[in-house]
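Here's a quick briefing to read with the model open next to you. It goes through the helices, the core, the aromatic rings and a few loop residues.

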Amino acid sequence: MHEMGIILHLAKTLDEAAEREQIKKITRVTLEVGEVSGIVTDYFSDCWNYFRKKRPVLESAELELVTIPAVTYCSSCKRTYPTVQYGRTCPYCESGETWLLKGSECIIKEIEVE
């Protein structure tokens, strides 16, 4: 379960931002999570709910997860397509010369403070 490791990194980043900006309380954190990031959102939320209680600045912070759809690019036909639906093989030209453009990231989109 790598979700706890991501939460630890996220909490450290938020602590540092709160200290730098002199924030006493974060009330909401919005994360953009890629569709193929490997993050199990139920576990992630459980880890957040457990861990936030251990950090005073995060104690009452709610977590919102926004899914970023996975998109793959085909270098053979120069088109993009939905990764989850078609996988690594291009549905237009059946090439395997493809790579993921987006959908594996985990990005802090917004932090709301009191």
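Which residues of α2 are buried? They are F44, C47, W48 and F51, and their arc around the axis is only 100°, which puts them on the same side of α2. Keep in mind that this is a predicted model. Below, the two helices come first, then the core they feed, then the ring contacts and the loops.

**Helix α2**

- Flip α2 over and you'll find D42 and D46, exposed residues on the face turned away from its buried side.
- The cover over the buried residues of α2 includes α1, β1 and β2 (62-68).
- C47 is a good one to click on: it sits in helix α2 and is buried, with a relative accessible area of 6%.
- From C47 to I7 you go 40 residues in sequence, yet their C-alpha atoms are 6.9 Å apart in space.

**Helix α1**

- α1 runs for 19 residues and spans 27 Å from its first C-alpha to its last, close to the 27 Å expected at 1.5 Å a residue.
- Its buried residues are E3, I7, L10, A11, L14, A17 and A18.
- Those buried residues of α1 cover an arc of only 130° around the axis, so they're on the same side of the helix.
- As background, an α-helix has 3.6 residues a turn, so residues three or four places apart point the same way.
- On the face of α1 turned away from the buried side, the exposed residues are H9, E19 and R20.
- β1, α2 and β6 (106-113) are among the elements that cover the buried residues of α1.

**The nonpolar core**

- The largest nonpolar core counts 18 residues, and the ones with the most contacts inside it are I7, L14, I26, V29, L31, W48 and L58.
- Three elements, α1 (3-21), β1 (26-34) and α2 (41-51), each put in at least two residues of this core.
- α1 gives the most, with five residues.
- L31 is worth a look for its neighbours: leaving out residues up to four places away in sequence, it touches L10, F44, L63, E64, L65, V66, C106, I107, I108 and K109.
- Two of those L31 contacts, L10 and F44, turn up again in the helices, with L10 among the buried residues of α1 and F44 among those of α2.

**Rings and a charge**

- There are two aromatic pairs in the structure.
- In one of them, the rings of Y73 and W99 have centres 4.9 Å apart and planes at 55°, so this pair is tilted.
- Y73 belongs to strand β3 (residues 71-74) and W99 to strand β5 (residues 98-102), so the pair ties together parts that are 26 residues apart in sequence.
- W99 counts as partly exposed, at 44% relative accessibility.
- Y81 and Y86 make an edge-to-face aromatic pair, with 6.1 Å centre to centre and 80° between the planes.
- The partners in that pair sit in unlike surroundings: Y81 counts as buried at 2% relative accessibility, whereas Y86 counts as partly exposed at 38%.
- R79 places its charged end over the ring of Y92, 3.6 Å from the ring centre.

**Loop residues to check**

- Q22 comes just after α1, in the loop between α1 and β1.
- The phi of Q22 is near 55°, a positive value in a residue other than glycine.
- Q22 is also exposed, with a relative accessible area of 68%.
- K78 is found in the loop between β3 and β4 (80-82).
- K78 has a phi near 65°, again a positive value in a residue other than glycine.
- At 55% relative accessibility, K78 counts as exposed.
- E94 lies in the loop between α3 (83-86) and β5 and is exposed, with a relative accessible area of 66%.
- For a sense of scale, E94 and L10 are 84 residues apart in sequence and 39 Å apart in space, C-alpha to C-alpha.

Key: Residues are numbered from 1 along each chain as its sequence is written. This is a predicted model: local features need pLDDT of at least 70, side-chain atom pairs count only at pLDDT 80 or more; totals for chains, interfaces and linings use all residues. Side-chain values use heavy atoms; hydrogens and water are left out. A nonpolar core is a set of buried Ala, Val, Leu, Ile, Met, Phe, Trp, Tyr and Cys residues joined through side-chain atoms within 4.5 Å. Buried means under 20% relative accessible area, exposed over 50%, partly exposed in between (1.4 Å probe, protein chains only). Helices (H or I, at least four residues) and strands (E, at least two) are DSSP runs, numbered from the N terminus. Contact means heavy atoms within 4.5 Å. Rings of Phe, Tyr and Trp (its six-membered ring) pair if their centres lie within 6.5 Å; planes under 30 degrees apart count as stacked, over 60 as edge-to-face and the rest as tilted. A charge sits over a ring if NZ of Lys or CZ of Arg is within 6 Å of the ring centre and within 35 degrees of the ring normal. The expected span of a helix is 1.5 Å times one less than its number of residues. The arc is that of the directions from the helix axis to the C-beta atoms.
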